[in-house]
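Q: Please take a close look at one part of this protein, a helix and its surroundings. Go through its geometry, its packing and whatever adjoins the packing partner.

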Amino acid sequence: MVLVHKPALQQFSFIRNIKPTTFFSGIPLIDLSKPDSKHLLVKACEEFGFFKVVNHGVPLEFISKLESEAVKFFSLPPSEKEKASPPNPFGYGKKSIGQNGDVGWVEYLLLTANQESVSQRLSSVFGDNPEKFRYALNDYVSAVKKMACEILEMMADGLKLQQRNVFSKLLMDEQSDSVFRLNHYPPCPEIEALTDQNMIGFGEHTDPQIISLLRSNNTSGLQISLSDGSWISVPPDQNSFFVNVGDSLQVMTNGRFKSVRHRVLTNSMKARVSMIYFGGPPLCEKIAPLPSLIKGKESLYKEFTWFEYKRSAYSSRLADNRLVLFERIAAS
C-alpha cells in the first residue's frame, strides 16, 4: 500500500536515525492480580504517566480476532477503504491527523466505543459479513473498558479516595464520550533508506481523555517522553497492554499524575497495528481537581467541561501543550 509519492516527502516529519533501537528496561510493570498493584499504579502515574499491565483479564481470543479483522480491513484496496472516509468524526483516514495540518505515516479507523452498531458507511466496507467485525469490536472494547475501570478504581484506592468509582463512573456513564482507534503503520524501507532517518508515524502528543489502553502487534515504534524531555523506546509486547494517563486525569489529580507525551516511529521492515481505547467522560462532565486532593494546596487548574476541553484540544496542533490554557497561573 502506498500512502505518498517520494516528491511529497516534505510534508512528513523525520527524526535522526536511531537504529538499532535501544529499548528502555525501566517501564513500570503492573501485575493486576497482585495485592500491591494499587500502590505501584500510583507510583507509575506520578513518575511516568505510563505503565504496562499483565494478568489483565482480556481474553487473547478477543485480541487476536479483532487484530485479524483490522489487518483484513487495512489490506483492502484503497478504493474500498475510502468508502468509510472521511472520518467525520468516525470513519477511515490516512496521513492527516486532525484538522490542523498534522500528518503521519499512518492510516486509521476511528470508531465510537459505545456499544452501538457499526454505521452503514462502515458496514458497506466489510462486505457480506459486517457482523463479524462488529462482534469482534464489541467483545474487545467491552473487555478493555472493564479493565480500564478496574485500573481506575485501583488508582482511587491507591490515592485513598473515599469514592472508589470517582474516575471509573465517568467511563461507565452511558453518555461517556469514549472512542476506539485502529492504527496501521505500513513499513517504509525505501523512504527511510533514502533519507537515513526514521519517519514519524504519529507525532508527539498527550491524550486529552482520562485514560488510554493500547495494545499492538509485536512491532516496535512506540516511544514515550521522560520528565527530562528525553525519548525512550517501548519494547513491543503483543500479549500485554500499555496504559497512558490522559490530560483529564492529570487535572483531576491536580497534577499529581502526569499525562504522558508519546509518539510512534515507523518500522522500516514490518507493519505496526495498534488498537487503542480512549476512556473519556460525558461531554457535559465538569473536570476539575478533586477536593480531597487539593487539601492544603492550591488548585492548579480551572474547572472546565469535557466538551470545552475537547473542543480546545482538537483545534490545536498535535504537539501543543493543551492544558496550559486551563492552568490557573495562565488565568491570573
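A: A residue counts as buried when its relative accessible area is under 20%, and as exposed when that value is over 50%. The model is a predicted one. With that cut-off, the buried residues of helix α2 are Ile63, Leu66, Glu67, Glu69, Ala70, Phe73 and Phe74. Around the helix axis they take up an arc of only 160 degrees, which means that they sit on the same side of α2. The list includes two glutamates, Glu67 and Glu69, beside residues such as Ile63 and Leu66.

The length of the helix can be checked in the same way. α2 runs over residues 60-74, and its 15 residues should span 21 Å at 1.5 Å a residue; the C-alpha atoms at its ends are 21 Å apart, so the expected and computed spans agree.

The packing partner to consider here is helix α5, residues 130-158. The axes of the two helices are 9 Å apart and make an angle of about 135 degrees. Angles over 145 degrees count as roughly antiparallel and those from 65 to 115 degrees as roughly perpendicular; α2 and α5 are therefore oblique to each other. The crossing of α2 past α5 is left-handed. On the α2 side, the contact is made by Phe62, Ile63, Lys65, Leu66, Glu69 and Lys72. On the α5 side, Lys132, Phe133, Ala136, Leu137, Asp139, Tyr140 and Ala143 take part. Ile63, Leu66 and Glu69 of α2 are thus both among the buried residues and among those that touch α5.

α5 itself has 29 residues, and the distance from its first C-alpha to its last is 42 Å, close to the 42 Å expected at 1.5 Å a residue. Just after α5 comes Lys160, with a positive phi of about 60 degrees, although this residue is not a glycine. Lys160 belongs to the loop between α5 and α6 (168-172). Its relative accessible area is 71%, so Lys160 is exposed. Asn254, in the loop between α8 (247-252) and β12 (262-265), is another residue other than glycine with a positive phi, near 55 degrees. Asn254 has a relative accessible area of 9% and is therefore buried.

α5 also meets helix α1, residues 37-47, whose buried residues are Ser37, Leu41, Val42, Ala44 and Cys45. Viewed down the axis of α1, these residues lie within an arc of 165 degrees, so they line one face of the helix. They pack against α5 as well as β2 (29-31), β3 (50-54) and β11 (241-245). Just after α1, Gly49 has a positive phi of about 70 degrees.

Further along the chain from α2, the loop between α3 (78-81) and β4 (91-97) holds Pro86 and also Pro89. The peptide bond joining Ser85 and Pro86 is cis, with omega about -5 degrees. The bond from Asn88 to Pro89 is likewise cis, with omega near -5 degrees.

As for the setting of these parts, the protein has 10 helices and 15 strands. Of its 332 residues, 54% are buried. Among contacts between residues at least 6 apart in sequence, 75% join residues at least 24 apart.

Definitions and conventions
Residues are numbered from 1 along each chain as its sequence is written. This is a predicted model: local features need pLDDT of at least 70, side-chain atom pairs count only at pLDDT 80 or more; totals for chains, interfaces and linings use all residues. Side-chain values use heavy atoms; hydrogens and water are left out. Helices (H or I, at least four residues) and strands (E, at least two) are DSSP runs, numbered from the N terminus. The expected span of a helix is 1.5 Å times one less than its number of residues. Buried means under 20% relative accessible area, exposed over 50%, partly exposed in between (1.4 Å probe, protein chains only). The arc is that of the directions from the helix axis to the C-beta atoms. Axes are lines fitted to C-alpha atoms, for helices over the stretch in contact, and angles run from 0 to 180 degrees between N-to-C directions. Angles under 35 degrees count as roughly parallel, over 145 as roughly antiparallel, 65 to 115 as roughly perpendicular and the rest as oblique. A crossing is left-handed if the near helix is turned anticlockwise from the far one by less than a right angle, and right-handed if clockwise. Contact means heavy atoms within 4.5 Å.
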